[in-house]
Amino acid sequence: MVNSFDLLSSRGMARSRPPRSPPLVPALALVLALTASPIAARVHVQSLPADAGRPAGQGVGGEDYQGHQVLKVFVADNGTLDLLRSFEGNPDVDFWTPASGLNPTVDVLVAPDVGRRLKEELTRSGASYTVNIEDVQLLVGRSGHPLTWTAYHSADDHHQYMDFIEQNYKGLCETFSIGTSTEGRDLRGVKCGLGKREVWIDGGIHAREWVSPAVVSCLIREYSQRSVNHQDLLRKHTIYMLPILNPDGYEYTRSGGSAYRRRRFWRKTRSRNPGSSCIGADPNRNFDAHWGETGSSMDPCSDIYAGSRPFSEPETRALRDFLLGRVHAMKMYISFHSYSQMLFVPYAFSKERPADYKELLRVAKAGEKAIRRTSGKAYRVGQASQLLYEAAGGSDDWAKSKAGIKYSFTFELRDKGRQGFLLSASQIEDTCTEIVAAVDTMITTSAEQDDKA
Ligand SMILES: [Zn+2]
């Protein structure tokens with residue numbers, strides 16, 4: 001005779017793969033919503049992989065059990081057994097004890113949607129159950145990736161988060177790489193959306209501005225895990241988000257033990273400068289937009305060293321090459337820095353204004369208004385050359401004047417100097433909330449104008 005323990009363990013082995021993660025649900029909902037309209041259905045057919053919205057393969061930290069429950073079902077008769085067995089093979093159901101009829105109860109782990117259905121059917125059939133574990137995630141105690149928005153994290157944590165998003169939001173988001181840094185770190189990002197109109201967002205150009213990578217990762221979270229709130233936008237756009245453009249500098253600010261205090265405020269890249277013992281160039285002075293002119297230095301020891309030539313740094317070169325390869329579709333460039341709560345419109349190299357300055361200012365002001373509405377924080381809007389200082393060789397000026405990306409902006413995030421580069425991690429979420437509102441508004445506001453043109 002087969003005892004229930006043998007059944008249990010053999011079942012356990014056979015079904016050791018955990019059930020699917022709930023983050024799929026929003027992604028799937030979006031994909032389904034997209035396919036609901038005839039236009040989007042074409043997009044679906046053309047650009048979504050065959051497994052779009054399907055459960056992702058098992059991988060590094062891919063599991064997430066938010067809202068998953070374990071039910072204890074009381075087996076009253078064969079009808080209950082048949083009902084339970086009809087759920088066998090469902091990837092969102094995992095029998096912790098077998099529906100063999102040998103035990104008076106069956107424990108079963110269910111994902112939120114299928115759990116609701118199972119409970120309804122059990123009730124309808126007159127069977128009874130209790131909820132043994134209300135939210136499995138709380139007991140598992142981890143979210144499938146190490147990133148949080150209550151602390152500042154390593155480049156590696158950010159990369160693990162990107163893997164998590166790619167694995168759980170197939171058909172909506174995927175990772176991309178634009179190259180490698182001087183020290184060989186991957187310049188990685190995530191793109192989300194199914195639209196033809198493209199938007200570029202980067203952070204972490206300056207090493208010590210820690211809130212910048214945190215906020216860009218927040219935008220990744222927003223356009224993947226919270227995509228249900230942005231369906232229209234994601235149907236029309238593809239948003240490229242790269243949190244740490246200068247990972248060598250970023251890791252340097254996080255390292256150093258007793259040297260930490262000295263390293264924490266590093267700003268530049270970590271490349272060697274021939275003929276100098278000083279390290280690195282200012283990546284935001286290294287772009288070929290009035291390179292080497294005002295507000296930059298030719299001294300390798302300076303914090304605003306422009307580099308030995310335009311695009312001397314592999315990080316800026318990688319961004320240049322990637323953006324130039326996508327100029328046909330790329331309509332917006334946004335770069336995140338900190339601090340001082342400002343939103344810059346080109347140009348920074350001088351007080352000269354682009355011909356469409358008024359239109360750019362309109363979009364920026366809509367973003368600023370969204371921030372004020374959301375958090376009440378004040379961000380000043382205008383040219384960097386007017387509000388802060390003239391600085392040549394910046395990424396936003398290059399994106400606008402050389403790559404021809406119409407809408408080009410730079411944010412200086414929180415705060416206004418009370419904590420400065422040491423902005424408390426407890427402010428990350430609030431900063432995220434206001435910036436999500438701003439970016440969303442700026443993308444839609446600029447798209448309206450495109451539609452008219
Ligand atoms: Zn900066």
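**Disulfide bonds in the predicted model**

In this predicted model, the count of disulfides comes to 3. With the bonded cysteines counted along the chain, the disulfides follow the pattern 1-2, 3-6, 4-5.

One disulfide joins C173 to C192, with an S to S distance of 2.2 Å. The torsion about the S-S bond of this pair is about 110 degrees, so the disulfide is right-handed. The pair links distant parts of the chain, 19 residues apart: C173 lies in strand β5 (residues 173-180) and C192 in strand β6 (residues 186-193). Because buried means under 20% relative accessible area, C173 is buried at 4%, and C192 is likewise buried at 0%.

A disulfide also joins C218 to C432, and the S to S distance here is 2.0 Å. This link is right-handed, with 105 degrees about the S-S bond. Distant parts of the chain are connected, with C218 in helix α8 (residues 211-224) and C432 in helix α16 (residues 428-452), 214 residues apart. Both C218 and C432 are buried.

A further disulfide joins C278 to C301, with an S to S distance of 2.0 Å. The link of C278 and C301 is right-handed, with 90 degrees about the S-S bond. C278 and C301 each lie in the loop between α11 (260-263) and α12 (314-324), and the pair, 23 residues apart, links distant parts of the chain. C301 has a relative accessibility of 45% and therefore counts as partly exposed.

Notes
Residues numbered from 1 in each chain as written. Predicted model: local features only at pLDDT ≥ 70, side-chain atom pairs only at ≥ 80, totals over all residues. Heavy atoms only, no water. Disulfide = S-S within 2.5 Å. Helix = DSSP H or I, 4+ residues; strand = E, 2+ residues; numbered from the N terminus. Buried < 20%, exposed > 50% of the residue type's maximum accessible area, 1.4 Å probe, protein only.
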